[in-house]
Amino acid sequence: MDTPKSSPRDFFLHLFAFGTLYVSAISLISLWFQYINLQLPDPLQPYGYQPSSYYAFQQLRWPMSALIVVFPVFLFLTRWISGEIARDPSRKELRIYKWLVYLTLFVSSVTIVVDLVTLIYNFLGGELTARFGLKVVVVLVVALAIFGYYLWHLRSDLAVSAKKRLLLLWLSIVIMLGSIVLGFFFVGSPTKARAQKFDEQRISDLQQLQWQVINHWQQKGELPETLAVLQNDLNEYRVPLDPRTKMPYEYDRISPKSMVFTLCATFEQKGTGSSYGGPYPVYSSMAIEPPFEVGKGSWDHEAERTCFTRTIDPDMFPKPMQ
């Protein structure tokens with residue numbers, strides 16, 4: 001039987017189908033890597049860099065979005081191609097199809113070998129941890145599933161194996177749906193993430209205000225009477241407002257000459273100083289008394305109105321020379 005020729009339609013259809021396969025596989029692996037990072041944080045990561053619910057949701061957004069959109073496209077195209085092959089077995093001999101299938105088998109087999117080599121290498125080096133081991137298992141399971149399916153796909157009669165393919169279809173849907181739902185179980189809904197983003201902005205605003213109050217105390221020798229005093233047209237500083245309510249933050253001082261002041265805000269979610277994303281951990285300052293223990297952030301708060309009392313250390317922030 002002559003090998004059928006591939007039309008432009010066949011070329012782009014198969015290329016698109018296998019492209020969605022690769023994106024779906026990478027997204028699934030990335031998704032489970034983040035789940036493992038959440039459940040088994042790296043003890044070598046310093047305080048403030050541990051994954052949090054808000055930060056984790058940011059890391060999960062792309063793989064979850066890809067699976068929600070790309071994986072159904074992959075299933076649709078795969079069912080379409082398999083249906084065409086079942087009706088016309090000669091289409092299984094299309095060059096573009098066979099090239100992509102064998103390329104997929106090659107990539108998945110190389111991934112399996114590299115994954116096992118990495119596992120043994122780390123085991124012999126005494127660096128095999130549950131965190132690393134689970135990630136190796138995730139990659140191995142996904143690669144084996146792809147390799148096994150396409151090897152069976154090449155050897156089977158698609159018209160005869162229709163029921164088995166339908167069973168695999170529903171199994172893959174359940175696995176993908178379960179993986180996506182698990183993401184919301186770990187990090188909450190987008191509404192919760194939005195609320196935490198507002199809280200992140202509130203913490204950032206309070207940090208700015210804190211340093212502006214300290215700077216005012218250094219320059220003037222006293223605490224500002226109100227936050228409005230901190231506004232400066234020269235350096236274009238504007239006192240921030242609550243991002244949702246647009247109301248000013250609360251500020252209080254014990255007395256003009258004292259070194260104690262409070263800043264208050266109303267938060268929507270419970271959080272700690274390490275609950276927010278960003279390149280640096282959220283500390284108040286080591287120059288503010290009393291010192292705060294690592295792991296007990298000075299910006300810890302409940303889902304309610306919370307006030308933060310700050311005492312300026314005069315040795316670290318001396319008043320201006322008289």
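**Entry 1: β2 and its neighbours**

I started with strands β2 and β4 (residues 305-312), which run antiparallel and are joined by seven bridges. Strands here are DSSP runs of E with at least two residues, helices are runs of H or I with at least four, and both are numbered from the N terminus. Two strands pair if DSSP finds at least two bridges between them. I looked up one bridge: T266 has R305 in β4 as its partner.

Before going on, I noted what kind of model this is. It is a predicted model, in which local features need pLDDT of at least 70 and side-chain atom pairs count only at pLDDT 80 or more, while totals for chains, interfaces and linings use all residues. Residues are numbered from 1 along each chain as its sequence is written, and side-chain values use heavy atoms, with hydrogens and water left out.

Next I checked the other pairing. Strand β1 (residues 250-253) and strand β2 (residues 260-266) pair in the antiparallel sense over four bridges. E250 stands opposite C264 in β2, and R253 has F261 in β2 as its bridge partner.

Which side chains of β1 are buried? I found that they alternate: Y251 and R253 point to one face and are buried, whereas E250 and D252 point to the other and are not. Buried means under 20% relative accessible area, exposed means over 50%, and partly exposed lies in between (1.4 Å probe, protein chains only). For β2, five of the seven residues are buried, so this strand is largely enclosed by the rest of the structure.

**Entry 2: the whole chain**

I then stepped back and found six helices and four strands in the protein. Along the sequence the pattern reads α-α-α-α-α-α-β-β-β-β. Of the 322 residues, 41% are buried. I also looked at contacts, meaning heavy atoms within 4.5 Å. Among those with a separation of 6 or more, 79% are between residues 24 or more positions apart.

**Entry 3: α1 beside α3**

Two packed helices are described by the angle between their axes and the distance between the axes. The axes are lines fitted to C-alpha atoms, for helices over the stretch in contact, and the angles run from 0 to 180 degrees between N-to-C directions.

For helix α1 (residues 8-39) and helix α3 (residues 95-124), I found axes that come within 9 Å and cross at roughly 15°. That makes α1 roughly parallel to α3. The angle classes are: under 35 degrees roughly parallel, over 145 roughly antiparallel, 65 to 115 roughly perpendicular, and the rest oblique.

The crossing of α1 and α3 is right-handed. A crossing is right-handed if the near helix is turned clockwise from the far one by less than a right angle, and left-handed if anticlockwise.

Who meets whom? D10, F11, H14, L15, F18, L21 and Y22 in α1 meet I96, Y97, L100, V101, L103 and T104 in α3. The residues of this contact divide into 10 nonpolar, two polar and one charged. Here Ala, Val, Leu, Ile, Met, Phe, Trp, Tyr, Cys and Pro count as nonpolar, Asp, Glu, Lys and Arg as charged, and the others, Gly among them, as polar.

**Entry 4: α4 with α3 and α1**

The axes of α3 and helix α4 (residues 130-155) come within 9 Å and cross at roughly 155°. That makes α3 roughly antiparallel to α4. Their contact has 18 nonpolar, seven polar and one charged residue, and the crossing is left-handed.

I tried α1 and α4 next: they pack at an angle of about 160°, with axes 9 Å apart. They are therefore roughly antiparallel to each other. On the α1 side the contact includes F18, L21, W32 and F33, and on the α4 side it includes R131, V138, I146 and Y150. The residues of this contact divide into 14 nonpolar, one polar and two charged.

**Entry 5: three single residues**

Is H153 of α4 buried or exposed? At 3% relative accessibility, H153 counts as buried. Leaving aside residues up to four places away in sequence, H153 touches S82, I85, K92, Y97 and L158.

Y102 sits in helix α3 and is partly exposed, with a relative accessible area of 46%. Its C-alpha atom is separated by 9.7 Å from that of F147, 45 residues apart along the chain.

Last, I looked at K246, in the loop between α6 (190-220) and β1. K246 has a positive phi of about 60° although it is not a glycine. At 55% relative accessibility, K246 counts as exposed.
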